[in-house]
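Please look through the sequence and the structure below before reading on. The paragraphs after them go through a few places in the chain.

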Amino acid sequence: MGGAIFLIILVVLVLWIVSSCIRIVPQAYAIVLERLGAYQATWGTGIHFKLPFIERVARKVNLKEQVVDFPPQPVITKDNVTMQIDTVVYFQITDPKLYAYGVENPIMAIENLSATTLRNIIGDMELDETLTSRETINTRMRASLDEATDPWGIKVNRVELKNIIPPAAIQEAMEKQMKAERERREAILKAEGEKKSTILVAEGKKESAILDAEAEKQAAILRAEAQKERMIKEAEGQAEAVLKVQSATAEGLRMIKEAGADESVLTLKSLEAFAKAADGKATKIIIPSDIQGIAGLAASLKEVMVDKKTE
């Protein structure tokens, strides 16, 4: 009975020792193995076996990118302003062996290193430059921390300034400055709006005046063209009347000539024309210079008429 119990205990002990010698490493992890206190190997992802009592797992290392948020650190700027700045560091373990044996407490080491590096960088900058140069500070800190942590098997991927907290008096002054700047921009925008509105009104009046002048010009041109056409029609009517008078005169002369009228008849017709001219409507009558000849012709005509009556 006692031998059976001993055998069971021995079997359980053997199984426990065998199971403890089998290790499965998950993805994104690594195991640092020691043999008799000295570094032996680094196990990657998969199943591994170790010698009992001789080899042991020194450290299980997380190879994923890690984020550490450090509390605010007091720093002094070049112009002697004390402010609080907290940082966020993104790092990744690239060499498990160096990480296991390089430094005792890597996170604390990174925190202290980031604090001293931040003080050195901010100490060379003034307050205004510090508030507007976050990207520059982040880049310089990342480069310094990456170089310092390389012997520890750590790669610093990114460093971000989470908060920059200046003193209360400076915060109040900054708020007043920001308020004044906003009011100044509002006044500028209002003035620019009024200026644009005035310009638009003036341009509208200008365009209206131009359109009115153009309309008046077109109206004047149309009136001038209408008057021109009317004058042309009147001239054409007068010319047509003159032509008709001349045509009638020529026709009368032709008929007189065909009737065999001599010079005496023509002269008599001229006297009749003078008689019509002196019908009382004209105030002045122009008598031709050969009026005596006409009078003589009239006397001759009278004698002829008397002789005809005697007969």
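What follows is a walk through selected residues, their pairings and their surroundings.

The structure is a predicted model, and local features are described only where pLDDT is at least 70.

Begin with two places in loops. A28 sits in the loop that runs between β1 (22–25) and β2 (29–35). The phi angle of A28 is positive, about 65°, although the residue is not a glycine. With a relative accessible area of 23%, A28 is partly exposed. The second place is F53, in the loop between β4 (46–49) and β5 (55–62). F53 also is not a glycine and has a positive phi of about 65°. Its relative accessibility is 71%, and F53 therefore counts as exposed, since the cut-off for that word is over 50%.

Next come the aromatic rings. A pair of aromatic rings is described by two values, the distance of the centres and the angle of the planes. How many aromatic pairs does the count give? The count comes to 1 aromatic pair. The partners are Y39 and Y101, with 6.1 Å from centre to centre and 85° between the planes. This arrangement is edge-to-face, because planes over 60 degrees apart are given that name. Y39 belongs to strand β3 (residues 38–43) and Y101 to helix α2 (residues 96–102), so the pair ties together parts that lie 62 residues apart in sequence. Y39 has a relative accessible area of 31% and is partly exposed. Y101 is partly exposed too, with a relative accessible area of 40%.

A contact between distant parts of the sequence can also be followed along the backbone. I122 is part of helix α3 (residues 106–123). Is I122 buried or exposed? Its relative accessible area is 0%, so I122 is buried; the word buried applies under 20%. I122 and V75 are 47 residues apart along the chain, and their C-alpha atoms are separated by 6.9 Å.

The charged side chains are the next topic. Side chains of opposite charge can pair when their charged atoms come close. The count comes to 10 salt bridges in this model. Three of them are described here, each between residues of one helix.

One of the salt bridges joins the side chains of R142 and D146, at 3.9 Å from N to O. Both residues are in helix α5 (residues 134–149), and because they are 4 residues apart there, about one helical turn separates them. R142 is partly exposed, with a relative accessible area of 28%, whereas D146 counts as buried at 18% relative accessibility.

Helix α6 (residues 168–258) holds E172 and K176. The side chains of these two residues meet in a salt bridge of 3.8 Å, N to O. E172 and K176 are 4 residues apart, so they are separated by about one helical turn. E172 has a relative accessible area of 44% and is partly exposed, while K176 counts as exposed at 55% relative accessibility.

Another salt bridge in the list is formed by the side chains of E181 and R185, at 3.3 Å from N to O. Where are E181 and R185 placed relative to each other? They are 4 residues apart in helix α6, so about one helical turn lies between them. E181 counts as partly exposed at 27% relative accessibility, and R185 counts as exposed at 52%. Salt bridges can also share partners: in this way R142, D146 and K155 are joined into one network.

Some charged residues belong to a surface patch instead. Which residues gather in a patch of negative charge on the surface? They are D79, E126, D128 and E129. Residues with a salt bridge are not used to make such a patch, and each member must have over 30% relative accessible area. D128, one of the four, is found in helix α4 (residues 127–132). At 59% relative accessibility, D128 counts as exposed.

To look back, the walk began with A28 and F53, which have positive phi angles. It then passed the edge-to-face pair of Y39 and Y101 and the buried residue I122. It ended with the salt bridges, including the one between E181 and R185, and with the negative patch that contains D128.

How values were computed. Residues numbered from 1 in each chain as written. Predicted model: local features only at pLDDT ≥ 70, side-chain atom pairs only at ≥ 80, totals over all residues. Heavy atoms only, no water. Patch = residues over 30% accessible without salt bridge, like charges linked within 9 Å, V, L, I, M, F, W, Y side chains within 5 Å. Areas by Shrake-Rupley, 256 points an atom, 1.4 Å probe, with all protein chains shown as cover. Lys, Arg positive; Asp, Glu negative; His and termini not counted. Charge placed at Lys NZ, Arg CZ, Asp CG, Glu CD. Buried < 20%, exposed > 50% of the residue type's maximum accessible area, 1.4 Å probe, protein only. Phe/Tyr/Trp six-rings, centres within 6.5 Å; stacked < 30°, edge-to-face > 60°.
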